[in-house]
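Student: I would like a close look at one part of this model, with the details set out in order.

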Amino acid sequence: MTINHALQPHSDVDRLYLPRSSGGRGMLQVHQTVEEEKRGLEEYIKDSEEDALKKVNKEKLFNTNETKQAYKKKQVKNRAEKWRNKPLHGQYLHNISGKSDITKTWQWLKNGNLKKEIAGLILAAQEQALRTNAIRAKGKKSTTNSKCRLCKEADETVDHLTSCCKKIAKTDCKQRHDKVAGMIHWNICKKYKLPGAKHWWDHKIEKVEENEDAKTLWDFRLQTNICHTIHQI
Ligand SMILES: [Zn+2]
């Protein structure tokens, strides 16, 4: 997978074999599959009325004493715990726990619309497995400077680059924000029958749109009652 750019070199391996709905890559692990089949076969033989199979059952070839489903559940649970307990790879899980809708968080993985290279990169970013300066300085000791290459102020972590760096807040981060907000704007326009393009990606946003039912404002500063000025649509 690494040769084919689907898995970053320092990315998490346990995560490969977890269901996509739990944040994994949904692959079957060979050893686990063999063990599952042993248990499946044992269950089948145990319930058989056939003489030959009854004799096989007496031999207790596998002697696992657990069902295929129970074994599978246990394996997934252990693997998920192993991932969660790793200080760097599990950090993202701790960060989102109690704050995000976990089912929706992994929806993009379950949908599987992204190229394997991009999915691998996003997962590596979540696992702190990209060689940012902060990681290089702390873990690998290949540099002593942990600061961001752009602003040179804060530690260069993935979180800093995706949401905190002053140098890109007004350019790349704003562009990304506006693209996401633009899709929401397009959906609102559709709902209230305001003018909008056929596809959200072609949508041209006007600062003000209005009809008898609704009014949209784009890129306005709004004063809220807790004295925060927020950027809103
Ligand atoms: Zn920075």
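Student: Which domains does the domain assignment of the chain give? Please go on from there to the largest pocket and what lines it.

Tutor: The model is predicted. Its domain assignment gives domain 1, residues 14-126, and domain 2, residues 131-166. The C-alpha centres of domain 1 and domain 2 are 34 Å apart. Both domains take part in the largest pocket, each giving at least three residues to its lining.

The space in this pocket comes to about 220 Å³. Its lining consists of 15 residues, and those closest to the pocket centre are Leu88, Glu127, Gln128, Ala129 and Ile135. Helix 8, residues 133-140, supplies 5 lining residues, the largest share from any one source. By residue class, the lining has 5 nonpolar, 6 polar and 4 charged members.

Beyond the pocket, the model also holds a zinc ion, with Cys148, Cys151, His160 and Cys165 as its protein donors. The three cysteines bind through SG and the histidine through NE2, at 2.1 to 2.3 Å from the zinc ion. Along the chain, these donors are spaced as C-x2-C-x8-H-x4-C. The angles among the 4 donor atoms run from 103 to 117°, and the site is tetrahedral. Of the donors, Cys151 and His160 are both buried.

Technical notes
Residues are numbered from 1 along each chain as its sequence is written. This is a predicted model: local features need pLDDT of at least 70, side-chain atom pairs count only at pLDDT 80 or more; totals for chains, interfaces and linings use all residues. Side-chain values use heavy atoms; hydrogens and water are left out. On a 1 Å grid over the protein atoms alone, a cavity is a set of points where a 1.4 Å probe fits but cannot get out, and a pocket is an open set with protein on both sides within 12 Å along at least five of seven lines; lining residues have an atom within 4 Å of a point. Grid points are joined across faces, edges and corners, and a volume is the space filled by probe spheres set on the points. Helices (H or I, at least four residues) and strands (E, at least two) are DSSP runs, numbered from the N terminus. Ala, Val, Leu, Ile, Met, Phe, Trp, Tyr, Cys and Pro count as nonpolar, Asp, Glu, Lys and Arg as charged, and the others, Gly among them, as polar. Domain bounds come from an automatic or database domain assignment. Donors are N, O and S atoms within 2.8 Å of the metal (3.2 Å for Na, K and Ca); water is not among the atoms, so sites may look incomplete. Four donors count as tetrahedral if all angles lie between 85 and 135 degrees; four count as square planar and six as octahedral if opposite donors are over 155 degrees apart and all others between 65 and 115; anything else is irregular. Buried means under 20% relative accessible area, exposed over 50%, partly exposed in between (1.4 Å probe, protein chains only).
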